[in-house]
Amino acid sequence: MEQEWKKSLYAYVDLLNKGRVAPGYAQVQGTVKDARFHTMQGERSRRIAQWYERRSITPLRGETGVRTLRTVRQNPGELVADVALHSALYYEKGGITHREDKIESERLTFVRTGSSWEIVNIERSVPERNSLRRAAEAEPAVRLSKWGEVLREPQPSQPLLNRKILRGTPGAREVRYRREEAVAYADRWWKDGNPEFEVFEVDCTNYVSQCLFAGGAPINYTGKRETGWWYKGYNGTQEWWSFSWAVSDSLERYLSAQRLSGLRAEAVERPDQLSLGDVIQYDWDGNGHYQHSTIVTAFDAEGMPLVNARTVSSRHRYWDYRDSYAWTDRTAYRFFHINDYL
């Protein structure tokens, strides 16, 4: 039985893989009988084709691997499975070949039809649209568990900074932001979270903060979760961190603020004004609340930023995220150039 339904799974993966290189191909029915998927995929294919043309890129080939995370439900005629899709796209621009990677999750429903299996429903996870609970930010006496639940906050303690990661004494003197080290860290941990830190269900800003820290950005520990920029080690069985460390909207406000020392940034108008190790933030709805954070890790042949991220783990992805299921035509961006000296 397992091998039978997996034949349909692999045919679906092949459909997606070919669709990334030739977007019109994704409209072929194949083993997928989800009408809603085909309607949405047709619209998406047209948008991606226009996006490729606007960027002046030529897709060369795609490689997509699939891993079954869990079987949610299984009976003789139906199976529901959560899968992770790791796709790599190779494309040419300006005579240079680029590669981008991303890992996305989906829930697929398979139904037996005669001797074969068909995919009748596709649910796509869009965690980039989520954020750690904003309600918690307005309450100075709350903390969040790994899954985002609000927990009761104990009395503040002395900072328990992770000495295995901390380099130097924060605030002792102005230090150079080591952009190459921030990027090296980003490329090391884009796929799997660093076990020295908590891994959040919505992990993008936690990951970007770790990259900044690896580049030498000094911790600004205040003891208050709504101020400063800091991360603490375990206190009992819980991790502590500032909202600016782990929440995209809070990091945007922290980087926007003026200060004389520590982690500082300049908001710039265009993505081509950014350097390696700089930060881009995303407001999918254009309502002033930022839900996603990325870090610049490379540039394409035209000098436009390529970024890394987590939550939907991504490496060297084009900065505007128009291929993301979270993107809308209302999406607004915030570009931060991190100061060379912090």
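Start by selecting Leu69, Arg70, Ala84, Ser105 and Thr311: of the 32 residues that line the largest pocket, these lie nearest its centre. Keep in mind as you click around that this is a predicted model.

**Stop 1: the largest pocket**

The space in this pocket comes to about 950 Å³. Now colour the strands β1 (58–75), β2 (78–93), β3 (96–113) and β4 (116–124), since each of them supplies at least two residues of the lining. If you colour the lining by class, you'll get 14 charged, 11 nonpolar and 7 polar residues.

Stay on Thr311 for a moment. Where does Thr311 sit? You'll find Thr311 in the loop between β12 (305–309) and β13 (314–318). Its backbone is worth a look too: phi is near 80 degrees, a positive value in a residue other than glycine.

**Stop 2: the second largest pocket**

Next, select Met40, Gln41, Arg44, Arg124 and Tyr325. The second largest pocket has a volume of about 310 Å³, and those five are the closest to its centre among the 13 residues that line it. Two elements give two or more residues to this lining, α2 (35–55) and β4. Which of the elements gives the most? That's α2, with 7 residues. By class, this lining has 6 charged, 5 nonpolar and 2 polar residues.

**Stop 3: the largest cavity**

Keep Gln41, Arg44 and Tyr325 selected and add Leu16 and Arg20. These five are the closest to the centre of the largest cavity, out of 21 lining residues. About 300 Å³ of space lies in there, and the model has 3 cavities of 30 Å³ or more. Show α1 (2–21), α2, β2 and β3, as each supplies at least two residues of the cavity lining. Here again α2 has the largest share, with 6 residues. The classes in this lining are 8 nonpolar, 7 charged and 6 polar.

**Stop 4: the largest nonpolar core**

Time for the packed interior. Select Leu212, Trp229, Trp245 and Ile338: of the 36 residues in the largest nonpolar core, these touch the most other members. Then show α4 (179–189), α5 (204–214), β8 (238–241), α6 (243–246), α7 (248–256) and β14 (332–338), each of which supplies at least two residues of this core. The largest share, 6 residues, comes from α5.

How many residues of α5 are buried? The count is 11 of 11. Run along the helix and you'll pass polar names as well, including Thr205, Asn206, Ser209 and Gln210, which are buried along with Leu212 and Phe213. Following α5 is Gly216, whose phi is positive, near 110 degrees.

A second, separate core has 23 residues, among them Ile57, Val268, Trp319 and Ala326. Leave Trp319 labelled, as we'll come back to this residue.

**Stop 5: aromatic pairs**

Switch on the aromatic side chains; the structure holds 20 aromatic pairs. Zoom in on Phe197 and Trp245. Why does this pair count as stacked? The ring centres are 6.0 Å apart and the planes meet at 25 degrees, so the pair is stacked, given that planes under 30 degrees apart count that way. Phe197 is in the loop between α4 and α5 while Trp245 is in helix α6, so the pair ties together parts that are 48 residues apart in sequence. Both Phe197 and Trp245 are buried.

Compare that with Tyr318 and Trp319, a tilted pair at 6.1 Å centre to centre with 45 degrees between the planes. Tyr318 and Trp319 are both buried as well.

**Stop 6: the ring cluster and two arginines**

To finish, select Trp51, Tyr52, Tyr282, Trp284, Tyr318, Trp319, Tyr321, Tyr333 and Phe335, a cluster linked by ring pairs. Add Arg55, whose charged end sits over the ring of Tyr318, 4.0 Å from the ring centre. Then add Arg317, which lies over the face of Tyr321 at 4.1 Å from the ring centre.

Last click: Tyr321. Is Tyr321 buried or exposed? Its relative accessible area is 0%, so Tyr321 is buried. You'll see Tyr321 in the loop between β13 and β14, and although this residue is not a glycine, its phi is positive, about 60 degrees.

Notes. Residues numbered from 1 in each chain as written. Predicted model: local features only at pLDDT ≥ 70, side-chain atom pairs only at ≥ 80, totals over all residues. Heavy atoms only, no water. Core = buried A, V, L, I, M, F, W, Y, C linked by side-chain atoms within 4.5 Å. Buried < 20%, exposed > 50% of the residue type's maximum accessible area, 1.4 Å probe, protein only. Helix = DSSP H or I, 4+ residues; strand = E, 2+ residues; numbered from the N terminus. 1 Å grid on protein atoms, 1.4 Å probe; cavity = no way out; pocket = protein on both sides within 12 Å on 5 of 7 lines; lining within 4 Å. Points joined across faces, edges and corners; volume = space filled by probe spheres on them. Nonpolar A, V, L, I, M, F, W, Y, C, P; charged D, E, K, R; others polar. Phe/Tyr/Trp six-rings, centres within 6.5 Å; stacked < 30°, edge-to-face > 60°. Lys NZ or Arg CZ within 6 Å of the ring centre and 35° of its normal.
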